[in-house]
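Trainee: I have a structure open and a list of labels for it. Could you show me how each label is earned?

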Amino acid sequence: MLEKYERAGEIVKKVKEEVVKLVKPGVKLLEVAEFVENRIVELGGKPAFPCNISINSDAAHFTPKRNDERVFKEGDIVKIDIGAHIDGYIADSAITIDLGDHEDLVKCAERALEKAIEVVHAGVNTAEIGEVIEKTIREFGFRPIVNLTGHGLDRYVAHAPPTIYNVKVDKGVELKEGMVIAIEPFATDGAGKVVERGECEIFSLIAVKKLRLKQEREFVRYIAENYRTLPFARRWVNVSDVVLARLVKQGVLRAYPVLTEVNNGLVSQFEHTLIVEEDGCKVIT
Ligand code: CO
């Protein structure tokens, strides 16, 4: 199991190194997302979720749509979040690429992640991790995003317990040896909170329910076979907006609308997946 996590981690690490060179003003977002997703497959894995490309005030859950023409621009602060899995065992990691002049904001999230990793070992409480992240980000003069968190990873589950807050919380949980977790500090010069904006290109299967319409049943079967409970991109599948909306409404699919900073603050993010060890941890991405 841990060996599969580590193989997924190796793939994410390699793709991350390669994508840094690709993100430049004028390059299409879609080109980068497809590069990431195809490269994961070439390296022997499968995408654990669509490549997230969140620019400026967007913090998470943006992925390009089919035939998306949008390009990176001079000045953008770009977060790329990559997930790969081997047999359901997921590695999840994110980096910020600065196409502008946001050096401190980028450094702040990176430093917060480093500091958080330093305190991880079996027996540490997640409250302590949140406190370290918040303190580091505030020292830089920025704010942590309170409603985006790190998380555990489980087989075919990209966001499993425990929740790892990016701020000090009253009561956390104790990490145990062998747990696989992702820590992902988000920093902003805005208010420190994300809200949904209209766009939504990512979905996942919640539960297979009895469905009345054949079209719905066939689509759900396809998703269950190909992605199980992992998130998929709208552009990966052939389905009408009507069917998608109906499945969301019936509680069969979960929708992941783009999350953007409430005051339109700029956002930076870094993320690593790690295995908790008795006396520390092993970063696999
Ligand atoms: Co994550």
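Mentor: We will take helices, then sheets, then single residues. Keep in mind that this is a predicted model.

Trainee: Why are α1 and α2 called roughly antiparallel?

Mentor: Start with the angle. Helix α1 covers residues 2-20, helix α2 covers residues 29-42, and they pack at about 150°. The cut-off for roughly antiparallel is over 145 degrees. The value passes, so α1 and α2 are roughly antiparallel to each other. Their axes are 10 Å apart, and the crossing is right-handed.

Trainee: Which residues in α1 and α2 meet?

Mentor: From α1 come I11, K14, V15, E18 and V19; from α2 come V32, F35, V36, R39 and I40. By class, that contact has 7 nonpolar, no polar and 3 charged residues.

Trainee: What makes α3 roughly antiparallel to α4?

Mentor: The reasoning runs along similar lines. Helix α3 (residues 103-119) and helix α4 (residues 126-139) have axes that cross at roughly 150° and come within 8 Å. Roughly antiparallel asks for over 145 degrees, so α3 and α4 earn the label. Their crossing, too, is right-handed.

Trainee: Which residues in α3 meet α4?

Mentor: In α3 they are C108, R111, A112, K115, A116 and V119. They meet E128, I129, V132, I133, T136 and I137 in α4. The classes are 8 nonpolar, 1 polar and 3 charged residues.

Trainee: Now the sheets. Which strands stand at the edges of the sheet with the order β6-β10-β14?

Mentor: This is an open sheet of 3 strands with antiparallel pairing. β6 (143-144) and β14 (267-269) each have a single partner strand, so one side of each lacks a neighbour in the sheet. That puts β6 and β14 at the edges.

Trainee: How do you know that β10 and β14 pair?

Mentor: Count the bridges. Pairing needs at least two. Strand β10 (residues 186-188) is joined to β14 by 3 bridges, and the two run antiparallel. One partner in β14 is Q269, opposite F186. α3 packs on this sheet, touching β10 and β14, at about 35° to the direction of β14.

Trainee: What is the order of the open sheet of 5 strands?

Mentor: The order is β8-β7-β9-β15-β16, with antiparallel pairing. β8 (157-164) and β16 (280-283) are the edge strands, because each has a single partner strand. Neighbouring strands here are turned by 40° against each other on average, direction ignored.

Trainee: How do you know that β9 and β15 pair?

Mentor: Strand β9 (residues 180-183) and strand β15 (residues 272-277) share 4 bridges, in the antiparallel sense. The minimum is two. I181 stands opposite L274 in β15.

Trainee: Which helices pack on this sheet?

Mentor: α1 lies across β7, β9, β15 and β16, at about 150° to β15. α3 also packs on the sheet, touching β9, β15 and β16, at about 15° to the direction of β15.

Trainee: Why is strand β13 called mostly covered?

Mentor: β13 spans residues 253-261, and 7 of its 9 residues are buried. Its pairing with strand β11 (residues 194-205) is antiparallel, over 8 bridges. Strand β3 (residues 58-60) also runs antiparallel to β13, joined by 2 bridges. L259 in β13 is the bridge partner of A60 and of E196.

Trainee: On to single residues. Why is H151 called buried?

Mentor: Its relative accessible area is 3%. Buried means under 20%, so H151 is buried. H151 lies in strand β7 (residues 150-154). Its contacts beyond four places in sequence include D92, H159, P162, E184 and E271.

Trainee: Where is P162, and what joins P161 and P162?

Mentor: P162 is in strand β8. A cis peptide bond joins P161 and P162, with omega about 0°.

Trainee: Is N67 buried or exposed?

Mentor: Exposed: the value for N67 is 61%, and the cut-off is over 50%. N67 sits in the loop between β3 and β4 (77-86). Its phi is near 60°, positive in a residue other than glycine.

Trainee: Why does N56 count as partly exposed?

Mentor: N56 has 23% relative accessibility. Buried is under 20% and exposed is over 50%. The value falls in between, so N56 counts as partly exposed. N56 lies in the loop between β2 (52-55) and β3. Phi of N56 is near 55°, a positive value.

Conventions:
Residues numbered from 1 in each chain as written. Predicted model: local features only at pLDDT ≥ 70, side-chain atom pairs only at ≥ 80, totals over all residues. Heavy atoms only, no water. Axes fitted to C-alpha atoms, helices over the stretch in contact; angles between N-to-C directions. Parallel < 35°, antiparallel > 145°, perpendicular 65-115°, else oblique. Left-handed = near helix turned anticlockwise from the far one by under 90°. Contact = heavy atoms within 4.5 Å. Nonpolar A, V, L, I, M, F, W, Y, C, P; charged D, E, K, R; others polar. Buried < 20%, exposed > 50% of the residue type's maximum accessible area, 1.4 Å probe, protein only.
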